[in-house]
Amino acid sequence: MIFLKTDDEIELLRQSNLLVAKTLAEIAKMIKPGVTTKELDKIAEEYIRDNGAIPTFKGFPNPYNAKAPFPASICTSVNDQVVHGIPNDVPLKEGDIVSVDCGALLNGYCGDSAYTFCVGDVDAEVLNLLKTTKEALYKGINEAVHGKRVGDIGFAVQAYCESRSYSVVREFVGHGIGRQMHEDPYVPNYGKKGNGILLRKGMCIAIEPMIAQGARQIYMDDDQWSVRTRDHKCAAHFEHTVAIGLEKADILSSFEYIEEVLGDKAI
């Protein structure tokens, strides 16, 4: 079931998403060689809770194992990890990339956004993957307009990335968002123009390209959360929450706070 949001509900979603944006900016301040992803998780959880919200990822049910809910407040996916990496005590190294996916529940509504960060200086080919994935996100957002279809979003992302010889991970997709972090509809990063669910004003969705440097095939680690590329080439992940508009999408999350921190090192 798809829930259309009122203007007031959209503003509440904006508040939760801006809190996520500011949390990611706090993380951006700390990312450097030698820092562990578990340290980043601690910063995120404290910031979210200090601002009166709840980390929605922590304790999130595992669809494959009810006894293994997600143990942290952010997902930290390093290098060949695509999504759902569990924060750990392994220090980040010069040249790594780390996708940080963050969610928060504030005033009854969910925020969800992700950004892939560079750790120090990153190989030019990997940097291009990040730039392409971020650009593809905005290509998808441009299609998030009343009267278009979910397939238009997926087609825009897929066409842009595949034209640059990257692969679209298909097993994980974007989603509707509101009072629940995951609502209908699913929003794949691949598709055909004019196909799929009709987009209507008031729908709120998270668009999140997950793009692989090599082949799109993936596998899951033994922790039953972390997803990696099968060829162990890098993957990137960027995500915005948006409200479908009559003429253009209203981006409810933001990368501006992150990019203020990163300065000329922003993707």
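Biologist: Buried means under 20% relative accessible area, exposed means over 50%, and partly exposed covers what lies in between. The model is predicted. With these cut-offs in hand, is Val-90 buried or exposed?

Modeller: Val-90 is found in the loop between strand S3 (81–83) and strand S4 (97–106). Its relative accessibility is 54%, and the cut-off for the upper class is over 50%. Val-90 therefore counts as exposed.

Biologist: Which residues is Val-90 in contact with, leaving aside its neighbours within four places in sequence?

Modeller: Val-90 and Gly-34 are 56 residues apart in sequence, yet their C-alpha atoms are 8.5 Å apart in space. Once the neighbours within four places in sequence are left aside, the residues in contact with Val-90 are Val-35, Thr-36 and Thr-37.

Biologist: At what angle do H1 and helix H2 pack?

Modeller: Two packed helices are described by the angle between their axes and by the distance between those axes. For H1 and helix H2 (residues 37–50), the axes are 9 Å apart, and the crossing of H1 and H2 is right-handed. The angle at which H1 and H2 pack is about 145°.

Biologist: Which residues in H2 do Leu-19, Lys-22, Thr-23, Glu-26 and Ile-27 in H1 meet?

Modeller: The H1 side of this packing is made by Leu-19, Lys-22, Thr-23, Glu-26 and Ile-27. Across from them, the residues in H2 are Leu-40, Ile-43, Ala-44, Tyr-47 and Ile-48.

Biologist: Is Glu-45 buried or exposed?

Modeller: Glu-45 has its place in helix H2, and, leaving aside neighbours within four places in sequence, it is in contact with Pro-55, Lys-58 and Ser-73. Its relative accessibility is 16%, and the lower class is set at under 20%. Glu-45 therefore counts as buried.

Biologist: How many residues apart in sequence are the parts that the pair of Lys-58 and Glu-45 ties together?

Modeller: The side chains of Lys-58 and Glu-45 meet in a salt bridge, at 2.9 Å from N to O. Lys-58 lies in the loop between strand S1 (54–55) and strand S2 (74–78), whereas Glu-45 lies in helix H2. Lys-58 is partly exposed, with a relative accessible area of 38%. Because the two residues sit in these separate elements, the pair ties together parts whose separation in sequence is 13 residues.

Biologist: About how many helical turns separate Glu-46 and Lys-42?

Modeller: The side chains of Glu-46 and Lys-42 meet in a salt bridge of 2.7 Å, N to O. Glu-46 is partly exposed, with a relative accessible area of 40%, whereas Lys-42, at 51% relative accessibility, counts as exposed. Because they are 4 residues apart in helix H2, their separation is about one helical turn.

Biologist: How many salt bridges does the structure hold?

Modeller: Side chains of opposite charge can pair when their charged atoms come close. One such pair is Asp-221 and Arg-228, whose side chains meet at 2.9 Å, N to O, with Asp-221 counting as buried at 17% relative accessibility. Elsewhere, Glu-11, Arg-14 and Asp-250 are linked in a network of salt bridges. For the structure, the number of salt bridges is 14.

Biologist: Which residues form a nonpolar patch on the surface, with about 220 Å² of accessible area together?

Modeller: One member, Ile-2, is found in the segment before helix H1 (7–28). Ile-2 is partly exposed, with a relative accessible area of 34%, and a patch takes residues with over 30%. The residues that form the patch are Ile-2, Leu-4 and Ile-197.

Biologist: Is the peptide bond from Asp-184 to Pro-185 cis or trans?

Modeller: Pro-185 is found in strand S8 (residues 183–187). Most peptide bonds are trans. Here, omega from Asp-184 to Pro-185 is near 0°, and the bond is cis.

Biologist: What value is phi of His-84 near?

Modeller: Most residues other than glycine have a negative phi. Asn-79, in the loop between S2 and S3, has a positive phi near 55°. His-84 is found in the loop between S3 and S4 and is partly exposed, with a relative accessible area of 23%. Phi of His-84 is positive too, with a value near 65°.

How values were computed: Residues numbered from 1 in each chain as written. Predicted model: local features only at pLDDT ≥ 70, side-chain atom pairs only at ≥ 80, totals over all residues. Heavy atoms only, no water. Patch = residues over 30% accessible without salt bridge, like charges linked within 9 Å, V, L, I, M, F, W, Y side chains within 5 Å. Areas by Shrake-Rupley, 256 points an atom, 1.4 Å probe, with all protein chains shown as cover. Salt bridge = Lys/Arg side-chain N within 4 Å of Asp/Glu carboxyl O. Buried < 20%, exposed > 50% of the residue type's maximum accessible area, 1.4 Å probe, protein only. Axes fitted to C-alpha atoms, helices over the stretch in contact; angles between N-to-C directions. Left-handed = near helix turned anticlockwise from the far one by under 90°. Contact = heavy atoms within 4.5 Å.
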